[in-house]
Amino acid sequence: MSKSAFVFTLTLLAALTPLHWSEGAVVYNSAEGWSVEGDDSQIAGNAIEQMHKAEALEAKHDDEKAYRAYKALVKKFGLSLLAPKAQRKCGILLEKHNDFDKAYDAYNTYLTKYPHGQDFDSVVESMFGIAKRFLNGEKRKLFGVKTTASMERAQQMFEGIVKSAPFSKWAPLAQFNVGETLEKQAKYPEAIAAYQVAVNKYPNDAIAENALYQEGYVRLRQLREGSYDKASAQKAKEAFEDFIYRFPQSEKVPQARENMKTLDTGVTKGALEVAKYYDKMKQHKAAVIYYNDVIKQQPGTPDAAYAKTRIDALKTEFGEDALKTGPELAQTGSRVQQHRKLQAKVDTVSRPDYVGPPVVIAEEQVDSALSSSKPKLRTNPDSVPPVEPALPSGAPAAPGAPAAPADGLPTKDTGLPQPPP
């Protein structure tokens, strides 16, 4: 952008921007005394007079000058008992004119400078209300004009409440809402950690119930929106189990049980997707292993029926022996017949009504080719047959293909807690 275009843009923004209150500095002049820079009024000689002056301006609805007067009182008479009230008034006037960002900062200054102020709880409540606005989509201002919503700013606000007022009645819900803001930003690991803090830090507060449920729900969302992972599914299930154990009377218990059933189905979906991947990559032995997992995990389901159909088709195409996963000893006709004779003798002797002489079981004769004699050493490395590597235990991701989400998982929460009265 050229310099002239940049200047024009700034000029246009200035023209469109509504007037906003200037942050005049408190200055001292030997002839005039204390005053606010840019304001023609002087600061009163003491905190009481300055407070009366600010309140009179506010009564006349001259909020801009009243704001400056309150701000000057805090600056000039910061140790006065009236300073906390003046600081809170600054936040109230900013909030009244929808400058929520600055209003929150003014309230936060109150908590920092006057932690024992009599309006402490009311200030925290005002801060929580502003943070909630940003959580619900309040837009930030740029040059006095609202631009875009900022979930990150809402996160910072709730974190500020927990930090500055950790023992207030609003702190547990603020910590819960930290998790919610992170969840809305799709920062799932951080959201889970925030909910865990709410459970561990405020175990006796009602918010612990909602936070523990939400921990499981966020883990479930990860499975829906990301790649399937058995370990994550297990952690989600454990979170719901912990929730049901600790809060058996909660109205969310039925939903938690449904979520656990969904997770069980999700395991099958994951195994089926892995089986399909191996099937597509023509690694048929691995495909059969995972198809069998589907059949064992969810017998009688459509997925299990599909898995059985594919196993039968692969056996028809490649033969059952080609799909066996481990080395097996070749069974000749003579070996099979010998095993049958030995087993018949064992069965006869083991009968409770057997009264004949003891039967001696001769040691099985093993073909010389399969004897336990030491193998000959090979001197030519080219004569060593290749050995098939062991199959992977996890599910690889298909190259370049997005991971398929698990079907049937819930798309929205069952409700979040409301602020305390």
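**Exercise 1. Find out which residues Asn177 touches, leaving out those up to four places away in sequence, and whether Asn177 is buried or exposed.**

Step 1: Let's start with the touching partners. Asn177 is in contact (heavy atoms within 4.5 Å) with Phe128, Lys132, Leu135 and Phe158, once residues up to four places away in sequence are set aside.

Step 2: Before going on, a word about what you're looking at. This is a predicted model, where local features need pLDDT of at least 70 and side-chain atom pairs count only at pLDDT 80 or more, while totals for chains, interfaces and linings use all residues. Residues are numbered from 1 along each chain as its sequence is written, and side-chain values use heavy atoms, with hydrogens and water left out.

Step 3: Now place the residue. Asn177 sits in helix H8; helices (H or I, at least four residues) and strands (E, at least two) are DSSP runs, numbered from the N terminus.

Step 4: Asn177 has a relative accessible area of 1%, so it is buried. Buried means under 20% relative accessible area, exposed over 50%, and partly exposed in between (1.4 Å probe, protein chains only).

**Exercise 2. Work out which residues of helix H9 are buried, and why they end up on the same side.**

Step 1: Get the size of the helix. H9 covers residues 188–201, so to speak 14 residues, and reaches 20 Å from its first C-alpha to its last, close to the 20 Å expected at 1.5 Å a residue. That expected span is 1.5 Å times one less than the number of residues.

Step 2: List the buried ones: Tyr188, Ala191, Ile192, Ala194, Tyr195, Ala198 and Val199.

Step 3: These residues cover an arc of only 160° around the axis, which puts them on the same side of H9. The arc is that of the directions from the helix axis to the C-beta atoms.

Step 4: Check the other side of H9, where Pro189 and Asn200 are exposed.

Step 5: See what does the covering. The buried residues of H9 are covered by elements including helix H8 (171–184), helix H10 (207–225) and helix H11 (230–246).

**Exercise 3. Do the same for helix H14: which residues are buried, and which are exposed on the other side?**

Step 1: H14 (residues 302–318) has 17 residues and reaches 24 Å from first C-alpha to last, close to the 24 Å expected at 1.5 Å a residue.

Step 2: Its buried residues are Asp303, Ala304, Ala307, Ile311 and Leu314. They cover an arc of only 100° around the axis, which puts them on the same side of H14.

Step 3: Flip to the other side of H14, and you find Pro302, Thr309, Thr316 and Glu317 exposed.

Step 4: Just past the end of H14, Gly319 takes a positive phi of about 90°.

**Exercise 4. Describe how the rings of Tyr213 and Phe243 pair, then how those of Tyr278 and Tyr290 do.**

Step 1: Pick your numbers. A pair of aromatic rings is described by the distance of the centres and the angle of the planes. Rings of Phe, Tyr and Trp (its six-membered ring) pair if their centres lie within 6.5 Å; planes under 30 degrees apart count as stacked, over 60 as edge-to-face and the rest as tilted. The whole structure has 10 aromatic pairs.

Step 2: Tyr213 and Phe243 are 5.5 Å apart centre to centre with 65° between the planes, which makes the pair edge-to-face. Tyr213 is in helix H10 and Phe243 in helix H11, so this pair ties together parts 30 residues apart in sequence.

Step 3: Both rings belong to buried residues: Tyr213 has 1% relative accessibility, and Phe243 has 0%.

Step 4: Tyr278 and Tyr290 are stacked, at 5.7 Å centre to centre and 25° between the planes. This pair links distant parts of the chain, with Tyr278 in helix H12 (residues 253–280) and Tyr290 in helix H13, 12 residues apart.

Step 5: Tyr278 and Tyr290 are buried.

**Exercise 5. Say how many residues the largest nonpolar core has.**

Step 1: A nonpolar core is a set of buried Ala, Val, Leu, Ile, Met, Phe, Trp, Tyr and Cys residues joined through side-chain atoms within 4.5 Å.

Step 2: The largest one has 76 residues, and Tyr70, Ile130, Phe158, Ile161 and Phe243 have the most contacts inside it.

Step 3: Apart from it lies another core, of 16 residues, including Tyr277, Val288, Tyr291 and Ala307.
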